[in-house]
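Colleague: I'd like a close look at one part of this model. Please start from a single residue and work outwards to whatever surrounds it in your description.

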Amino acid sequence: YEEGGSNSQSGEDSRSTVALVLASSVTSDVAVEAYCIPMHTESSPLCISLDVLGAALYRPPTDGASFSHFLPYVATVFRDEDSQFVLTVQDLRYTSDTNDSLGFGGSIDSTILDVGDIFEEYSSPPMSMGTSPEAFCCCHGGFIVVVMRRIGMIFAYDFTSAYLSLVGKSKLGQYVVDAAIRSSGVQDQTEVVLLLCENSDSKDGRIATVRFNLP
């Protein structure tokens with residue numbers, strides 16, 4: 001669950017405009033559903049996908065987004081008909097004059113995640129919440145980062161110009177239990193903090209940090 005967008009208000013009146021919810025059961029290898037819910041209205045959720053690997057909200061790369069009412073973009077990771085992993089970014093729009101119903105504005109850009117023809121899949125540790133989603137999608141500043149958990153790979157894209165440009169990828173060599181993104185404190189740089197499962201002992205793990213720079 002996460003929230004994004006802005007109602008253009010400040011202080012105590014400041015509110016998000018959209019909530020993103022990923023839903024699944026704790027059973028392994030079951031579909032993950034993604035929904036966007038308009039905040040503070042009684043309208044129905046917008047189904048993003050009934051079978052998504054991962055998703056996140058992204059703040060549109062515009063200078064005025066901080067001071068005006070806006071809806072976030074939605075970044076999703078899915079597997080296409082050729083079994084390739086695909087990252088796509090879509091925008092949202094209101095479908096009514098009262099701003100209480102959401103629809104798709106269209107696809108902004110998409111790209112194939114190049115995991116290679118041969119890749120290793122790492123075993124997951126026992127987890128009470130299950131192993132879904134299969135991919136973590138993390139957004140911060142101009143970055144959209146995808147972490148493929150079972151494959152143990154991370155991809156970072158620059159989206160400041162509204163198209164996906166690969167700035168780096170790395171093989172982690174371990175199953176990824178969790179991931180988060182934050183500023184590194186250096187301009188045009190972000191860092192991803194990962195909890196990795198030890199291959200020799202699934203009850204043990206380590207923390208790793210990967211940093212990416214905008215070109």
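Modeller: Let's start with Asp117, which is exposed, with a relative accessible area of 82%. (Exposed means over 50% relative accessible area, buried under 20%, and partly exposed in between, using a 1.4 Å probe and protein chains only.) Before going on, a word on the ground rules: this is a predicted model, so local features need pLDDT of at least 70 and side-chain atom pairs count only at pLDDT 80 or more, while totals for chains, interfaces and linings use all residues. Residues are numbered from 1 along each chain as its sequence is written, and side-chain values use heavy atoms, with hydrogens and water left out.

Asp117 sits in the loop between E8 and E9. Those labels are for strands, which are DSSP runs of E with at least two residues, numbered from the N terminus; helices would be runs of H or I with at least four. The protein has 15 strands and zero helices. To place the loop, take Val18 as a reference: its C-alpha lies 37 Å from that of Asp117, with the two positions 99 residues apart in sequence.

Now for a neighbour in sequence. Asp114 makes a salt bridge with Lys169, side chain to side chain, at 3.8 Å from N to O. This connects distant parts of the chain, 55 residues apart, since Asp114 belongs to the loop between strand E8 (102-112) and E9, and Lys169 to strand E12 (residues 165-171). The term covers a side-chain nitrogen of Lys or Arg within 4 Å of a carboxyl oxygen of Asp or Glu. Side chains of opposite charge can pair when their charged atoms come close. Both partners are partly exposed: Asp114 has a relative accessible area of 48%, and Lys169 has 41%.

The whole structure contains six salt bridges. One of them joins Arg211 and Glu191 at 3.0 Å, N to O. Because Arg211 is in strand E15 (residues 205-213) and Glu191 in strand E14 (residues 189-197), this pair ties together parts 20 residues apart in sequence. Glu191 is buried, at 6% relative accessibility. Another salt bridge brings Arg206 and Glu198 together at 2.8 Å, N to O. Here Arg206 is partly exposed at 44%, whereas Glu198 is buried at 16%. On top of that, Arg79, Glu134 and Arg150 are joined into one network by salt bridges that share partners.

On to the rings. There are three aromatic pairs, counted when the ring centres of Phe, Tyr or Trp (its six-membered ring) lie within 6.5 Å; planes under 30 degrees apart are stacked, over 60 edge-to-face, and the rest tilted. Tyr58 and Tyr73 have ring centres 6.4 Å apart and planes at 20°, so they are stacked. That pair links strand E5, which holds Tyr58, to strand E6 (residues 73-79), which holds Tyr73, across 15 residues. Both side chains belong to buried residues, with Tyr58 at 2% and Tyr73 at 16%. Tyr58 also pairs with Phe159, with centres 5.3 Å apart and planes at 80°, so this one is edge-to-face. The sequence gap is 101 residues, because Tyr58 lies in strand E5 and Phe159 in the loop between strand E11 (153-158) and E12. Phe159 is buried at 0% relative accessibility. Together, Tyr58, Tyr73 and Phe159 form one aromatic cluster.

Strand E5 turns up again at the largest pocket, which is lined by 31 residues; Tyr1, Leu22, Ala55, Pro133 and Phe136 lie nearest its centre. Strands E1 (2-4), E2 (18-23), E5 (54-58), E9 (135-140) and E13 (176-183) each give two or more residues to the lining. (On a 1 Å grid over the protein atoms alone, a pocket is an open set of points where a 1.4 Å probe fits, with protein on both sides within 12 Å along at least five of seven lines; lining residues have an atom within 4 Å of a point.)

Stepping back to the whole protein, 43% of the 215 residues count as buried. The C-alpha trace spans about 55 × 40 × 35 Å along its principal axes.
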